[in-house]
Amino acid sequence: MNQRARIAMTEDEVAAFLAASRKLQLATINPDGTPHLVTMFYALADGKIGFWTYGKAQKTLNIARDPRVSCLIEAGDDYNELRGVLLYGIAKQVEKTLDLGLDIARRMTPGVPDDLLLPYVEQTGKKRVAFVVEPTRVVSWDHRRL
């Protein structure tokens, strides 16, 4: 077995890693072809990465023009601790903006009751759109196996 195959996570390990993490690096494609890279909080929608953002944000404009995205979720500080998932996919706008927004807010602020989160979600949700990433390719690694 080659080293790449040895460090790849199983589907269940990828799902658990995504469920345990809170932030990702989201890459979209700018009009000139350069990457636009931002950190985003996310939630899982039926096991898929979901995020929300302002309707006028650069990432929203980029996705409207070209829905291909990359999502990097990683953990670890030292080389032998590095773990991550790089997900390539298509970002699709979804209607359940407030539901996804509430799920994201819960992950951003663990332990805060929904009745305190809901006013923020409802207010900020007026200007936001929500996306779910349909994966086309998933690459993973867990250097703790080395």
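Contact, in these legends, means heavy atoms within 4.5 Å. The views below all come from a predicted model.

**View 1. Helix 4 meets helix 5.**
Here you can follow two helices as they cross. From helix 4, the residues T97, L98, G101, L102, A105 and R106 reach D114, L117, L118, V121, E122 and G125 of helix 5. Sorted by class, this contact between helix 4 and helix 5 holds six nonpolar, three polar and three charged residues. Helix 4 spans residues 97-108 and helix 5 spans residues 114-125, and their axes come within 9 Å, crossing at roughly 130°. Helix 4 and helix 5 are therefore oblique to each other. The handedness of their crossing is right-handed.

**View 2. The buried face of helix 2.**
Helix 2 covers residues 11-20, and its buried residues are V14, F17 and L18. Looking down the axis of helix 2, you would find these buried residues within an arc of 95°, so they line one face of the helix. Turn to the other side of helix 2 and you meet D12 and A20, which are exposed. The packing partners of the buried residues of helix 2 are strand 3 (43-45), strand 4 (48-54), strand 5 (68-75), strand 6 (83-94), helix 4 and strand 7 (128-142).

**View 3. The buried side of helix 3.**
In helix 3, the buried residues are K59, T60, N62 and I63. Around the axis they cover an arc of only 165°, which puts them on the same side of helix 3. These buried residues of helix 3 pack against strand 1 (23-29), strand 2 (35-41), strand 4, strand 5, strand 6 and strand 7.

**View 4. A closer look at N62.**
N62 belongs to helix 3, which runs over residues 58-65. Its relative accessible area is 0%, so N62 is buried. Setting aside residues up to four places away in sequence, N62 touches T28, I29, N30, P31 and H36.

**View 5. D46 in its loop.**
D46 sits in the loop between strand 3 and strand 4. If you check the backbone here, you will see that D46 has a positive phi of about 55°, although it is not a glycine. With a relative accessible area of 82%, D46 is exposed.

**View 6. K92 on strand 6.**
K92 is a residue of strand 6. Its relative accessible area is 43%, so K92 is partly exposed; the partly exposed class runs between 20% and 50%. Apart from its neighbours within four places in sequence, K92 is in contact with A130, F131, V132 and E134. For a sense of distance, K92 and L44 are 48 residues apart in sequence, and their C-alpha atoms are 14 Å apart in space.

**View 7. E95 in the loop before helix 4.**
The loop between strand 6 and helix 4 holds E95. E95 has a relative accessibility of 77%, so it counts as exposed. Along the sequence, E95 and A130 are 35 residues apart, while in space they are 7.1 Å apart, C-alpha to C-alpha. A130 has also appeared in the previous view, as one of the contacts of K92.

Notes: Residues are numbered from 1 along each chain as its sequence is written. This is a predicted model: local features need pLDDT of at least 70, side-chain atom pairs count only at pLDDT 80 or more; totals for chains, interfaces and linings use all residues. Side-chain values use heavy atoms; hydrogens and water are left out. Axes are lines fitted to C-alpha atoms, for helices over the stretch in contact, and angles run from 0 to 180 degrees between N-to-C directions. Helices (H or I, at least four residues) and strands (E, at least two) are DSSP runs, numbered from the N terminus. Angles under 35 degrees count as roughly parallel, over 145 as roughly antiparallel, 65 to 115 as roughly perpendicular and the rest as oblique. A crossing is left-handed if the near helix is turned anticlockwise from the far one by less than a right angle, and right-handed if clockwise. Ala, Val, Leu, Ile, Met, Phe, Trp, Tyr, Cys and Pro count as nonpolar, Asp, Glu, Lys and Arg as charged, and the others, Gly among them, as polar. Buried means under 20% relative accessible area, exposed over 50%, partly exposed in between (1.4 Å probe, protein chains only). The arc is that of the directions from the helix axis to the C-beta atoms.
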